[in-house]
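Trainee: I would like a close look at one part of this molecule, the first stretch of the chain and the helices that follow it. Please go slowly, as I am still learning to read structures.

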Amino acid sequence: MQVAANALVSAFVSAPRLKILGIPFHIGTLEEAVSLALLGGLIVIPSGPVLADLPHDPAEREALEGSDFALTDSAFLVVLWLILKAQALPRISGLRFLRKLLAQEEFRRPGATFWVMPNAEGAQANRRWLQGKGLTIGEEECYLAPLYPPGPLEDTSLLSLVETKRPTFVIINLGGGVQERLGYYLRRQLSYRPTIVCSGAAIAFMSGQQANIPPWADRLFLGWFLRSCHDPRRFIPRYWRALKLVPLLLKSG
């Protein structure tokens, strides 16, 4: 047991990371990120707007800083970091990460996953899509999240379910700014160490609940553009808010 624990610590310590705005971003490969995820811990995938709002959301900042690692999903962050800091970051989108994770044998075992869904309609569509990919996800392996208030989160009903079922993976499919706080709560309160992935809308892109983002568009940093075209009223103001990330990065060390 001690040997396994030492190997776990060694893997996380040696993983390529860079702290940006106090958040430990993984700057290695996609394959390395998935291998680390299989070891357990809290993985967050913050968007540009979520990062831009950090000065006004201390609970969200605490959750992101307390994660085991974050993915460089935000194309805006990657571009800004190159312009402002003259350093190229490898971009790993939440969509690519979840696709790769779905293919892992450990992920596909019966009872290995537990899904936090935003609503009944989304849960049904996501379950149908997952079942089409060969993953049997029953209603008992899904949890419909309530509307959570601002600030530090607590959900004893969800905590009790996860403790009882003890899945290897907990996938949280909620909005940015909420899911990270929920994942951080679970990470601190659970008596064991599952892999908690705050993947947001990644599965909704694949199940047809949100704008379709083909792999080529994801590689070309065009996910934000397709989402804005699909639902301009919702996403254009949201991405406009991300411009506040510029002065934050200018001030950061």
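Mentor: Let's begin with a definition: helices (H or I, at least four residues) and strands (E, at least two) are runs assigned by DSSP, and they are numbered from the N terminus. Please also keep in mind that this is a predicted model.

With those names in hand, find Leu21, which sits in the loop between E1 and E2. The backbone at Leu21 has a positive phi of about 55 degrees, although Leu21 is not a glycine. That deserves a second look because most residues other than glycine have a negative phi. Is Leu21 buried or exposed? Its relative accessible area is 15%, and the cut-off for buried is under 20%, so Leu21 is buried.

Both strands beside that loop lead us to helix H5. The buried residues of H5 pack against strand E1 (17–20) and strand E2 (23–26), and also against H3 and H15. Within H5 (residues 75–85), the buried residues are Ala75, Leu77, Val78, Leu80 and Trp81. Try clicking on them one by one and looking for what each one faces.

Now walk off the end of H5. The next residue is Ala86, and its phi is positive, near 55 degrees. Ala86 is not a glycine either, and its place is in the loop between H5 and H6. Here the surroundings are another matter: with a relative accessible area of 68%, Ala86 is exposed, whereas Leu21 is buried.

Beyond this loop comes helix H6, so let's see how H6 meets helix H2. The axes of H2 (residues 30–37) and H6 (residues 94–102) are 10 Å apart, and the two helices pack at an angle of about 60 degrees. Such an angle makes H2 oblique to H6, since roughly parallel would need an angle under 35 degrees and roughly perpendicular one of 65 to 115. The crossing of H2 past H6 is right-handed. On the H2 side, Leu30, Glu31, Ala33, Val34 and Ala37 make the contact, and on the H6 side Arg96, Phe97, Lys100 and Leu101 do. Sorted by class, this contact has 6 nonpolar residues, 3 charged ones and no polar ones.

Two of the charged residues are worth zooming in on. Side chains of opposite charge can pair when their charged atoms come close. Lys100 and Glu31 form a salt bridge, with 3.9 Å between the closest N and O atoms. Because Lys100 belongs to H6 and Glu31 to H2, the pair ties together parts that are 69 residues apart in sequence. Lys100 counts as partly exposed at 32% relative accessibility, and so does Glu31 at 44%.

Stay in H6 a moment longer and look at Leu102. With a relative accessible area of 8%, Leu102 is buried. Leaving out residues up to four places away in sequence, Leu102 touches Phe107, Arg108, Trp115, Trp129, Leu130, Leu135 and Met206. For another view of how the chain folds back, compare Leu102 with Lys133: they are 31 residues apart along the chain, and 8.9 Å separates their C-alpha atoms.

Let's finish with the other salt bridges you can find. How many salt bridges does a search of the whole structure find? It finds 7. One is between Arg61 and Glu65, at 3.1 Å from N to O. Both residues lie in helix H4, and because they are 4 residues apart, about one helical turn separates them. Arg61 is partly exposed, with a relative accessible area of 27%, and Glu65 counts as partly exposed at 36%.

A longer link joins the side chains of Asp53 and Lys244 in a salt bridge of 3.0 Å, N to O. Asp53 is in the loop between H3 (48–52) and H4 (58–65), while Lys244 is in the loop between H14 (232–241) and H15 (245–251), so this pair connects distant parts of the chain, 191 residues apart. At 37% relative accessibility, Lys244 counts as partly exposed. Finally, Asp68, Arg187 and Arg193 are linked in a network of salt bridges.

Conventions: Residues numbered from 1 in each chain as written. Predicted model: local features only at pLDDT ≥ 70, side-chain atom pairs only at ≥ 80, totals over all residues. Heavy atoms only, no water. Axes fitted to C-alpha atoms, helices over the stretch in contact; angles between N-to-C directions. Parallel < 35°, antiparallel > 145°, perpendicular 65-115°, else oblique. Left-handed = near helix turned anticlockwise from the far one by under 90°. Contact = heavy atoms within 4.5 Å. Nonpolar A, V, L, I, M, F, W, Y, C, P; charged D, E, K, R; others polar. Salt bridge = Lys/Arg side-chain N within 4 Å of Asp/Glu carboxyl O. Buried < 20%, exposed > 50% of the residue type's maximum accessible area, 1.4 Å probe, protein only.
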